[in-house]
Amino acid sequence: MPLTPSQRTLDEDASPSFCAGRKLSEVEQALVWTVLHEDPECPSRVLLAKAAQMQTPISVSVRHLNRWRATWKLNRPKGRPRQTPSPPTVASQAAVVQIAPRLSFVGVHLFAHWLDQHEAFGPVVARLKQAIQDHKQAYPDDDFALLHHREQTLLRRFQALFFAPLCGIETLTAFDTHEHPLGTLLGRGYQSSTLSQFLGQLERIEATNALMPALVPTQAGQITYVDGHMIAYWTKVSMHKGKITMLGRIMAGSQAVIAHNEAGHALFVEYHPPDMHLSHVIVEYCQKVAMATGTSLFVIDRAVNSVAMAAAFDAQDLGLLCMLDDNEHHGLESFEATPVGALDDGTSVYSGEWKVPRPDDPRHFVIVEPAEGKTLVYWATPQVKDALEATEWPKVYRERNEIQENSFKRMIDHGALNTNYGRKKVIGPDRHQQRDREVLDKSLEVAHKRVDKKTEQVKAQQDKVAESEAKGHGKRLAQRQRALVALAQERKDAQHTQAKLAEQSAALGPPRERADRDVRKQTIMTFRTLLLENALMSFMAVLLGVLTRQVSLDGILKVLFERSGARMETDSYVLYWVNTTGLSVAYQRLLAEVVDGLGAMDLRCQGKPIHVRLKALSP
């Protein structure tokens, strides 16, 4: 990933070896040496002023600076400076020094080098190029900028979207207002207008379908975890609504259905309207995931807990592991269970079927009965039963919290998962009204039948009363008259209910329309977020492999990725300084271990080894 030089290039053979002194740090020494080679006869006071203009004030005296000039043999001759132009410097052979005295998000730069070293963006750019080529063939008359982008342009613009959340940029408009390191990270900066156009044209070529396979690793795994995540959307337009769980509100939004493998890597994402229950789309969704990854065992929470769902998965030859609701069983007494082992904490595990046979239920059950607390019942289709031991079911299901629930929280914090992209909407029939009308129509049909039934009963009772009056009954007549009054009241109540339902049906009015989000841009940016999370997890796995202590991703982001620092590049190595100002002693120790781990990872920039050091830089 190329970096834009902040100073002119110099000869490494002519440059001294810089080492931190008591008053001048390595980066300050390199900066002074660079300015001196631009103008060797520059007075020391002018030299200090030039350094201050570069946002790197050097707090040393002119006398101390002169000592360094004498050491480097770059001191100015005695007397007034000559007015004639100074001869060109001897630094003209080949080596290069690039200095960035002020660098934000140093850890992001190191992460970018690691990604480049592993060619992480190669599959993404290749798939974008293929999507562009397919669009050209399908629509030969189309002509817009994306169709003519070079590979380097595609790479840089996608990288700008990719690294934005790590730099605190969640919305595209924030590129215009936030200070960010894209200039040093990518070699150039971008504004929101350019990236908005880029994203819109990715939407136009249906880039989602081409990009999604880039999430799938070489080894997809045996088990896939699936869960939905609701994202709120604020608008004045009438849109379909659903329960936004994290806000505790019913409002407009979109539902991202995301799949992870057992290693925690995201595999697939698809968006659905917020009013669409997960059980209505999950079977088709899992079929797509199975085709993309080759895995056929799924773990899903109790949103899909039903006999019908188990039968639907079984019919598609897919395995499903889920849990029973607490009100669906009465503990062990509901099952014909046999002991199969125990968990690590000694909790007993049982396996079996319903005690009262249910021929239409294909599920097999594993019951965990702790010494204290409620009994937990897991169920699965035959495919899971054949693939996993019964004692593994609780552990496999419990891992869902870390793999998906906690992953969603991390992606909200540093991946902009909850940020909405795109304002387009698709107008369609009002599904809320349609559902209400269906319920009312069924209720009206029942109410109408009840009124007819009560009318017939009243007519029959009237006939009985007339018969008793004709025969001169006494006690029987009174009984029949009381029954007639009761039946008449029941008919009146039924008619009132029917009228009320008819009024509610009329209040619904003619068929209305509501909007749904056009989620094509949202899906592309969620793909970006999932790709970023996968890359961070891979980076963390390598880093933790060389560290002696455990550290969380959140800790790495705080103590390394978000720190400022400096950078110097020579023709043989690249050196980064990480600013430790403001860190406690404990966090400085942690950062020192992380820096040692980065050294063990053998990071490189265009073949040059990367060295990382700590330094308390001046504010």
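# Close-up views of a predicted model

**View 1. Helices H18 and H19 cross.** The axes of helix H18 (residues 553-561) and helix H19 come within 10 Å of each other, with a crossing angle of roughly 90°. That angle falls in the range of 65 to 115 degrees, so H18 and H19 count as roughly perpendicular. Look for Ile556, Val559 and Leu560 on the H18 side. They meet Tyr587, Leu590, Leu591, Val594 and Leu598 in H19. Keep in mind, here and in every view below, that this is a predicted model.

**View 2. The whole chain, for orientation.** Before going further in, here's the overall picture: the chain holds 19 helices and 17 strands. It has 619 residues, and 47% of them count as buried. Take the contacts between residues at least 6 apart in sequence: 69% of these join residues at least 24 apart.

**View 3. An open sheet of five strands.** Reading across the sheet, the order is E1-E14-E15-E17-E16, and the pairing is mixed. Strands E1 (98-103) and E16 (604-605) stand at the edges. Each of these two has a single partner strand, so one side of each has no neighbour in the sheet. At the E1 end, four bridges join E1 to E14, and the two strands run antiparallel. One pair to pick out there is Ile99, which stands opposite Met568 in E14. Being at the edge doesn't leave E1 bare, though: five of its six residues are buried, so that the strand is mostly covered.

**View 4. The other edge of the sheet, and the helices on it.** At this end, E16 is joined by two bridges to strand E17 (residues 608-615), and the two run antiparallel. Arg604 has Pro609 in E17 as its bridge partner. Helix H19 (residues 585-600), already met in the first view, packs on the sheet and touches E15 and E17. The direction of H19 makes about 170° with that of E17. Another helix to find is H4 (residues 106-117), which lies across E1, E14 (565-569), E15 (574-579), E16 and E17. H4 runs at about 145° to E15.

**View 5. A hairpin made by E3 and E4.** Strand E3 (residues 241-244) and strand E4 (residues 249-261) run antiparallel, and four bridges join them. Gly242 is a handy landmark, with Met251 in E4 as its bridge partner. Now follow the chain through the turn: the hairpin has four residues between the strands. Gly248 takes a positive phi here, near 65°.

**View 6. Two nonpolar cores.** The largest nonpolar core has 121 residues, and Phe111, Phe163 and Ile282 are the ones with the most contacts inside it. Which helix gives the largest share of this core? That's H17, which brings eleven residues. Another core, of 19 residues, lies apart from it and includes Leu297, Val349, Val384 and Leu388. As background, nonpolar side chains tend to be buried together in soluble globular proteins.

**View 7. Val384, a member of the 19-residue core.** Val384 sits in helix H12 (residues 382-387). Is Val384 buried or exposed? Its relative accessibility is 2%, and the cut-off for buried is under 20%, so Val384 counts as buried. Leaving out residues up to four places away in sequence, Val384 touches Leu297, Gly319, Leu320, Leu321 and Trp393. His364 is 20 residues away along the chain, and the C-alpha atoms of His364 and Val384 are separated by 9.2 Å.

**View 8. Helices H14 and H17 cross.** Here the axes of helix H14 (residues 400-414) and H17 come within 11 Å and cross at roughly 105°. H14 and H17 are therefore roughly perpendicular to each other. On the H14 side you'll find Ser407, Arg410, Met411 and His414. These meet Thr529, Leu530, Leu532, Glu533 and Leu536 in H17.

**View 9. Thr526, a buried residue in H17.** Staying with helix H17 (residues 520-544), zoom in on Thr526. Thr526 has a relative accessible area of 2%, so it is buried. What does its side chain reach? One answer is the backbone oxygen of Gln522, at 2.8 Å. The side chain of Thr526 also makes a polar contact with the side chain of Tyr271, at 2.6 Å. Setting aside neighbours within four places in sequence, Thr526 is in contact with Val269, Tyr271 and Leu417.

Notes:
Residues numbered from 1 in each chain as written. Predicted model: local features only at pLDDT ≥ 70, side-chain atom pairs only at ≥ 80, totals over all residues. Heavy atoms only, no water. Buried < 20%, exposed > 50% of the residue type's maximum accessible area, 1.4 Å probe, protein only. Polar contact = N/O pair within 3.5 Å; in protein donor to acceptor, adjacent residues only side chain to side chain. Contact = heavy atoms within 4.5 Å. Pairing = 2+ DSSP bridges. Axes fitted to C-alpha atoms, helices over the stretch in contact; angles between N-to-C directions. Core = buried A, V, L, I, M, F, W, Y, C linked by side-chain atoms within 4.5 Å. Parallel < 35°, antiparallel > 145°, perpendicular 65-115°, else oblique.
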